[in-house]
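Biologist: Before we discuss particular contacts, could you show me the structure and then take me through the reasoning behind the words used for it?

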Amino acid sequence: MSQVFHDIEKKIILSLRTIPKQTPETLEKSTQLSPDQIRRGIEWLKLKDLALVTESKTSIFSLGKNGVESFQKGLPERRLLNLLQNGPRKISDLQKELGSVFGPSMGLARKNNWIEATSEQISINKLPVELPGEKTLKLIGDKKLSKEEIDFNDLSGLLQRPDFIIEDIIKTKEIILSDSAKDIELSDSTGDIDVEAKVPEVFVARTHPLKDTIDEIREIFVTLGFSEILGNMTQSSFWNFDALFTPQDHPARELQDTFYLDKISTKKIGTPEQIRKVSESHKKNWRYQWDINEARKMVLRTHTTSVTIKHLAETKPDEARIFSLGRVFRNEKVSYKHLVEFNQVEGVVVGKDASLRNLMGIQREFYKRIGITKIKFWPTFFPYTEPSLQTMVYNEKLGKWIELFGMGIFRPEVTKPLGITKPVLAWGGGIERIAMLKYDLNDVREFYNNNLGWLRSTTKCQ
């Protein structure tokens with residue numbers, strides 16, 4: 001029996017017969033239909049297997065705030081080397097001339113062995129003709145270029161530096177007719193009823209795949225004997241940083257890494273004894289003058305560890321198995337693997353005989369229950385744990401090992417000032433990364449794109 005078509009479908013089919021491959025935007029012009037009509041018409045034709053839609057993504061790169069400054073004045077490390085061309089210079093003079101870029105320029109110049117430094121002065125060791133990233137800065141300038149137009153090896157270093165490169169992902173769709181649609185007859189009759197037509201498809205309500213992953217992780221920890229604790233998304237810098245032995249001049253505490261609540265601070269950050277001992281620990285071990293006003297600043301928590309350490313300081317348990325799960329916030333550039341707001345899970349075990357071997361065993365059991373079997377542990381550094389390990393899991397699709405959770409044993413500098421006497425095993429990481437592995441995604445932003453096609457097609461059990 002012949003099919004009955006809506007006028008919108010007819011116009012799209014006729015337009016695609018004239019111009020075989022079009023985007024939704026070109027179809028709007030050729031059919032004089034609205035964007036919403038085009039969207040609906042394409043979906044109808046897809047359901048009837050009469051239209052094929054292909055999606056593609058293109059990365060467009062332009063200069064960010066720091067990139068523009070480096071394009072105009074030169075990279076920080078180039079400006080440092082230029083100042084040294086006429087001979088050694090005092091560190092204090094270079095700091096005055098370079099200002100805020102002195103630190104980053106020194107770090108890169110030392111790493112690449114371009115300079116020699118003493119306690120008072122710096123001199124050139126070797127002067128490179130072209131620095132990594134300079135070619136890309138000149139090429140982009142005030143333009144926007146695609147990945148194919150840029151040397152990606154030279155670009156990759158700039159992508160890791162804050163506010164140097166802005167990457168915009170442009171998505172495009174192309175629509176063509178399927179073979180069965182090319183010769184189909186478009187009847188002008190509107191009175192026929194197709195009694196063989198399929199009934200409307202109904203999509204019942206369901207939870208989001210990311211929410212399913214969160215619930216699964218919560219259930220795993222509960223079945224392993226852990227109890228969940230809750231805490232506020234806003235925390236004082238004292239519990240978010242100072243209590244965790246993070247110095248007040250640490251880069252993670254700067255505005256480019258942390259969201260501070262403007263003009264908001266709190267006087268209630270802990271007991272006088274806790275404040276005194278944490279202050280003494282910082283002064284003794286980091287050797288600087290600890291400032292209580294910095295500790296009073298309020299932030300959107302950068303990790304759930306702030307909730308965990310506050311709970312341990314208040315309860316001082318001899319034995320405990322607890323976990324916290326919730327939103328955390330980082331002032332980072334959004335990319336395929338980073339968000340400014342994401343979900344994190346963290347767990348701790350307290351006990352007199354708790355050891356690193358116990359911690360690795362718990363991690364292996366957790367990953368096994370969530371469906372990850374290829375695991376290894378890699379030594380690393382975290383400010384508040386020693387020893388510290390990074391969990392590496394094997395991604396079959398990428399064919400390589402990727403980082404997942406961080407873990408370690410809380411340092412004495414963290415536990416002793418807060419009156420915690422037993423060893424504390426701690427670990428944590430982003431839930432979205434686990435969900436990406438479960439749902440075979442390579443872009444974390446897909447969880448928040450509200451793509452109904454993907455949400456409806458994704459099976460609940462992975």
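**Reading the labels**

Modeller: Let me begin with K297, which counts as partly exposed at 34% relative accessibility; please keep in mind that this is a predicted model.

Biologist: Why is K297 called partly exposed?

Modeller: Buried means under 20% and exposed means over 50%, so the 34% of K297 falls in between and the residue is partly exposed. Its salt-bridge partner E294 is also partly exposed, with 25% relative accessibility.

Biologist: What makes the contact of K297 with E294 a salt bridge?

Modeller: The cut-off is within 4 Å from a side-chain nitrogen of Lys or Arg to a carboxyl oxygen of Asp or Glu; the closest N and O atoms of K297 and E294 are 3.0 Å apart, so the pair qualifies.

Biologist: What makes K277 and E273 a salt bridge, and how far apart are they in helix α13?

Modeller: Their side chains meet at 3.3 Å, N to O, which is within 4 Å and therefore counts. K277 and E273 are four residues apart in helix α13 (residues 272–286), so about one helical turn separates them.

Biologist: Why are β5 and β6 said to stand at the edges of the sheet?

Modeller: Three strands form an open, antiparallel sheet in the order β5-β1-β6. β5 (145–146) and β6 (165–177) each have a single partner strand, so one side of each is left without a neighbour in the sheet.

Biologist: How do you know that β1 and β5 pair?

Modeller: Pairing needs at least two bridges, and two bridges join β1 (residues 51–63) to β5, so the condition is met; in this pairing, I60 stands opposite S146 in β5.

Conventions
Residues are numbered from 1 along each chain as its sequence is written. This is a predicted model: local features need pLDDT of at least 70, side-chain atom pairs count only at pLDDT 80 or more; totals for chains, interfaces and linings use all residues. Side-chain values use heavy atoms; hydrogens and water are left out. Buried means under 20% relative accessible area, exposed over 50%, partly exposed in between (1.4 Å probe, protein chains only).
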